[in-house]
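User: I have a model open on my bench computer and would like to know where the labels come from. Could you take me through them?
Analyst: Gladly, let's look together.
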Amino acid sequence: MTREEMYQSIYTHDTIYIPPHEETSGPLEVALGCSWHRCAFCDFARDEFRLTPLEQVERSLQVLAALQPEQTRLFLLGENPFCMDTDRLLAIAALVRRHMPRVEALAMYARADDVLRKTDGELKALRAAGVRALHIGVESGCDPILLHCDKGVTAAQTVEALGRLDRAGIDYFVTVIPGLGGREWSRLNAVETARMLNRTHPKNIWCLKLHLYPGTPLYRDAQAGHFTQMEPWEVLAEERLMLTELSVTDCLFEDTTVLDQYTLRGMLPDQKGQLLTAMDLLLQASGAG
Ligand code: SF4
């Protein structure tokens, strides 16, 4: 078998979704799809959810160990594998220790309610077993928007979940979606999202571009005139307002789709002024300033 064939043998799909900050982590398939699969904007919501049998996870680990013998960090694939019960996650961590003993850290996608379903003791046990980082799509801190999008968690629940991760010593990286409330709720989305994030300690806030995928409920809302998608400069203006209100510390703020063509990235709070200046220049250049 070639290396390419070995890689192909351990993944179900040709495309692997892994966050930018995990690009060097070894991807290990442990689940497919999302257990919630209801968010109105999400193109993944239609994917079937299933857990990978542990025997298959073990076989994949043996192949990954041969391909990446020096690997020290794994990213567990699936849209929210942290929904698994703690015993199953600990069993996967034990398999990792057996087959890839150099691995010190495990990371994966999670939903806030996946965290809330676990006790503090379970979170600490998972931390001790190697779970070091969760990537969580919090999307917005505005409850009407979360409700409209059928996110399934409130801003207060997100704050509670992230606080519990703080206490367990598990890092978290969050994504937000400026423009998710449309033009009508733009100001509220900016202010409430910043207010929610200010009560948390994310390592990274990544602003995602809202795509209206055909077939999703939000797309149908837009077609029916119940949702007004904002122009790129309006989204940037909303993001600027959110950034103005943010007081998080030791956090990398980034957006790789500013006005559909630029990347802005800076540490908060030290580079907040530079980020705001860059946003102002871009807004002026786009004719909005
Ligand atoms: S929780 Fe994430 S992956 Fe699941 S439906 Fe919502 S946005 Fe999509």
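User: How do you know that contacts join residues far apart in sequence?
Analyst: Two residues are in contact if their C-beta atoms, placed from the backbone, lie within 7 Å. Among contacts in the protein between residues at least 6 apart in sequence, 77% join residues at least 24 apart. A word on the source: this is a predicted model, where local features need pLDDT of at least 70 and side-chain atom pairs count only at pLDDT 80 or more, while totals for chains, interfaces and linings use all residues. Residues are numbered from 1 along each chain as its sequence is written.

User: Why is threonine 257 called partly exposed?
Analyst: A residue is buried if 20 or more other C-beta atoms lie within 10 Å of its own, exposed if 12 or fewer, and partly exposed in between, with C-beta atoms placed from the backbone. Threonine 257 has 16 such neighbours, so it counts as partly exposed. In the protein, 38% of the 289 residues count as buried.

User: What makes the radius of gyration agree with a compact globule?
Analyst: The radius is taken over C-alpha atoms, and the globule rule is 2.2 Å times the number of residues to the power 0.38. For 289 residues that gives a value near 19 Å; the protein has 20 Å, so the two agree.

User: And which elements do the buried residues of α8 pack against?
Analyst: They pack against α6, α7, β7, β8 and α10. Among the buried residues of α8 are Ser186, Asn189 and Leu197. Helices (H or I, at least four residues) and strands (E, at least two) are DSSP runs, numbered from the N terminus.
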